[in-house]
Amino acid sequence: MSLHPKTLFRGQAVSDWGLRPSFARIATESALSRTQALQLEREGINKFSISARAQFAIEQVVSLIQVAGGIDFEGWSVLMQHYSAPTRTLDWSMSPWVALYFACNSHEDSDGAVWLADFHKVDQSARRLIGDKNVREMSIDPSSDDVVYFSMAFNSHERIEAQQGRFSVSTNPLADHTELLEASGSLQKII
């Protein structure tokens, strides 16, 4: 298994669905500004982290709280997503078979889709847009550029390991990842 795969895959049960994370859908439907969405996200992470202390090993919780200058929103988002909380992340897999499973697993009356993203093109585009800025700071700054990048789960969950999981994350919690990934020239969809 490669640390940096060439292609990442995402399966969706309905081919018409875009790549908009659950948090972005909720915040957009509620007509929240980016500043309001960032505040709501921060409150959600805080509430989840308080409950998590009773459910997870203290070492895992501490590692997510004490990250250079603040909360590890990526780590919390990955953990929260696997407990059905809305986040700004989207699940991807290094395995086309895992993506195909999710494309065919439900909604039998609809065509599914498997999305393919070129990891290296996304990485190059993100590096160019981020430059020497701090991505964590960009992710909490309502005026920062919209950038999508891939992240690994360092505080891993057994389902993430089984699904060979990676995550797309945007610096903008309201962003549709489809548009940002298409801008990097890295996205394909098979229906």
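This section describes helix 6, the serine that packs against it, and the nonpolar cores of a predicted model.

Helix 6 covers residues 119–130. Its geometry is regular in length: at 1.5 Å a residue, its 12 residues should span 16 Å, and the end C-alpha atoms are 16 Å apart, so the two values agree. Asp118 caps the N-terminal end of the helix. A side-chain oxygen of Asp118 lies 3.0 Å from the backbone nitrogen of His120. Just after the helix, Gly131 adopts a positive phi of about 60°.

The helix has a buried side and an exposed one. Phe119, Val122, Ser125, Ala126 and Ile130 are buried. These residues cover an arc of only 135° around the axis, and therefore lie on the same side of helix 6. Gln124, Arg127 and Arg128, on the other side, are exposed. The buried residues pack against two helices and three strands: helix 7 (135–140) and helix 9, with strand 1 (7–12), strand 3 (113–118) and strand 4 (148–151).

Ser184 also touches this helix. The residue sits in the loop that joins helix 9 (177–183) to strand 6 (187–190). Its relative accessible area is 16%; a residue counts as buried under 20%, so Ser184 is buried. Leaving out residues up to four places away in sequence, Ser184 touches Lys121, Val122 and Ser125. Val122 and Ser125 are among the buried residues of helix 6. The side chain of Ser184 also has polar partners close in sequence. One of its polar atoms lies 2.7 Å from the backbone oxygen of Leu181. A polar contact of 2.8 Å links the side chains of Ser184 and Ser186.

In soluble globular proteins, nonpolar side chains tend to be buried together. Here the largest nonpolar core has 16 residues. Those with the most contacts inside this core are Leu8, Leu19, Trp92, Trp115, Phe150, Leu181 and Leu187. Two or more residues each come from strand 2 (89–93), strand 3, helix 6, strand 4 and helix 9. Strand 3 gives the most, with three residues.

Leu187 illustrates the packing. Neighbours within four places in sequence aside, Leu187 is in contact with Leu19, Trp92, Trp115, Leu116, Ala117, Thr178, Leu181 and Glu182. Another core, of seven residues, lies apart from the largest one. Its members include Ile45, Ala52, Leu79 and Ala85.

Definitions and conventions:
Residues are numbered from 1 along each chain as its sequence is written. This is a predicted model: local features need pLDDT of at least 70, side-chain atom pairs count only at pLDDT 80 or more; totals for chains, interfaces and linings use all residues. Side-chain values use heavy atoms; hydrogens and water are left out. Helices (H or I, at least four residues) and strands (E, at least two) are DSSP runs, numbered from the N terminus. Buried means under 20% relative accessible area, exposed over 50%, partly exposed in between (1.4 Å probe, protein chains only). A polar contact is a pair of N or O atoms within 3.5 Å; within protein, one must be able to donate a hydrogen and the other to accept it, and residues adjacent in sequence count only if both atoms are side-chain atoms. Contact means heavy atoms within 4.5 Å. The expected span of a helix is 1.5 Å times one less than its number of residues. The arc is that of the directions from the helix axis to the C-beta atoms. A nonpolar core is a set of buried Ala, Val, Leu, Ile, Met, Phe, Trp, Tyr and Cys residues joined through side-chain atoms within 4.5 Å.
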